[in-house]
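Open the model in your viewer and keep the selection tool at hand. The stops below are meant to be taken in order.

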Amino acid sequence: MKVVILDDATQVASYGADIFREQLAKKPDSVFGLATGSTPLSLYRELIASNQRGEISFARVKTFNLDEYMDLAPEHPQSYRHFMNREFFEHIDIDPDNTRVPPGDAANPLVACREYEAAIEDAGGIDIQLLGIGRNGHIGFNEPTSCLSSRTRVKTLTRETIADNARFFSAGEFQPQLSITMGIGTIMEARLVVLLATGSSKARAIRAMVEGPVSAWCPASALQMHPATVVIVDEEAASGLSDPAFFKHIEAQNQALLARLQGQA
Ligand SMILES: N[C@@H]1[C@@H](O)[C@H](O)[C@@H](COP(=O)(O)O)O[C@@H]1O
């Protein structure tokens, strides 16, 4: 697990966006796993700007979103499908048919979960999976006690997650208690995982993910077993780590090594 600590949320978004830009330069038909939440929004805005300047193209890209609320139609303003269209897909040159979000309104969610897994496999697997993290260490909607080898399935949301996401629903409005989410096993098969976290409310989860035991109590801790995970955090989200200076030292060494290798090319 590579941990990159940066000054602020703007730098976190740029560092993350660079990884996507580099991937697109290498493989224009990349498969991206995408996330919702407020954290990735600045990264999406950077990618939109690059796309509109003609620096990158999503014309051959396929995307799979991590999760969706159950019982919300795609047109519902709080559905993750609606969020992705509004915040990202409508502003880039992607073919809408190449974007998938788990169907929260599927007549048979169990069949829909199996089909989602099959579609990821048919696309050749995920090149980069983008993740945020919940305050309780969830990734996607894999809440604490999730099986660490789980696949796409229906998950019950914790009261903490429902409370955290209540701000998006108006008072008295139906708020889903269930979700469809890629499993931790699904996420672990992505070739590269990029997890972003900003703000002090994420400090406890980041510490548990990076330093804690690999445990279903912190689903993100499973990423300690992933061969290529980059965790990009601002100072506040890193504030619970025992030795942030060590991670900064490693990153400085990595950048120096990269510069040396580029000099040799
Ligand atoms: N299912 C999503 C997660 O994918 C996201 O990482 C988390 C954190 O959201 P935010 O970035 O707004 O803190 O919220 C939701 O529960």
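What follows is a tour of a predicted model, starting at the ligand and moving on to single residues.

**Stop 1: the ligand**

Select the ligand and show the pocket surface. The ligand sits in the largest pocket. Now display the residues around the ligand, of which there are 13. Ser38, Thr39, Asp67, His138 and Lys202 come nearest. By type, the shell holds seven polar, three nonpolar and three charged residues.

**Stop 2: contacts to the ligand**

Which atom of the ligand lies 2.7 Å from serine 38? Select the side chain of serine 38: one of its polar atoms is at that distance from an oxygen atom of the ligand. Next, select histidine 138, where a polar side-chain atom is 2.9 Å from an oxygen atom of the ligand. For glycine 140, turn on the backbone, since the atom to find is a backbone N or O; it lies 3.2 Å from a nitrogen atom of the ligand. As for cover, the ligand taken alone exposes 390 Å², and the protein buries 92% of that.

**Stop 3: arginine 21**

Go to helix H1, which spans residues 9-26, and pick arginine 21 within it. Is this arginine 21 buried or exposed? Its relative accessible area is 19%, so arginine 21 counts as buried, the cut-off being under 20%. Add glutamate 46 to the selection: its side chain makes a polar contact with the side chain of arginine 21, at 2.8 Å.

**Stop 4: two positive phi angles**

Most residues other than glycine have a negative phi. The next two selections have a positive one.

- Aspartate 71: find it in the loop between strand E4 (67-69) and helix H3 (80-87). Its phi is about 70 degrees, although the residue is not a glycine.
- Threonine 145: look in the loop between strand E6 (128-131) and strand E7 (153-156). Its phi is near 85 degrees, again positive in a residue other than glycine. Threonine 145 has a relative accessibility of 55% and therefore counts as exposed, for which the value must be over 50%.

**Stop 5: alanine 228**

Finish in the loop between helix H7 (203-211) and strand E10 (229-234), where alanine 228 has its place. Alanine 228 is partly exposed, because its relative accessibility is 25%, between the limits of 20% and 50%. To end, draw a distance from its C-alpha atom to that of leucine 66: the two residues are 162 residues apart along the chain, and these atoms are separated by 18 Å.

Definitions and conventions
Residues are numbered from 1 along each chain as its sequence is written. This is a predicted model: local features need pLDDT of at least 70, side-chain atom pairs count only at pLDDT 80 or more; totals for chains, interfaces and linings use all residues. Side-chain values use heavy atoms; hydrogens and water are left out. A residue is near a molecule or strand if one of its heavy atoms lies within 4 Å of it. A polar contact is a pair of N or O atoms within 3.5 Å; within protein, one must be able to donate a hydrogen and the other to accept it, and residues adjacent in sequence count only if both atoms are side-chain atoms. Accessible areas come from the Shrake-Rupley method with a 1.4 Å probe; for residues, only the protein chains shown count as cover. On a 1 Å grid over the protein atoms alone, a cavity is a set of points where a 1.4 Å probe fits but cannot get out, and a pocket is an open set with protein on both sides within 12 Å along at least five of seven lines; lining residues have an atom within 4 Å of a point. A molecule sits in a cavity or pocket if more than half of its atoms lie within 2 Å of its grid points. Ala, Val, Leu, Ile, Met, Phe, Trp, Tyr, Cys and Pro count as nonpolar, Asp, Glu, Lys and Arg as charged, and the others, Gly among them, as polar. Helices (H or I, at least four residues) and strands (E, at least two) are DSSP runs, numbered from the N terminus. Buried means under 20% relative accessible area, exposed over 50%, partly exposed in between (1.4 Å probe, protein chains only).
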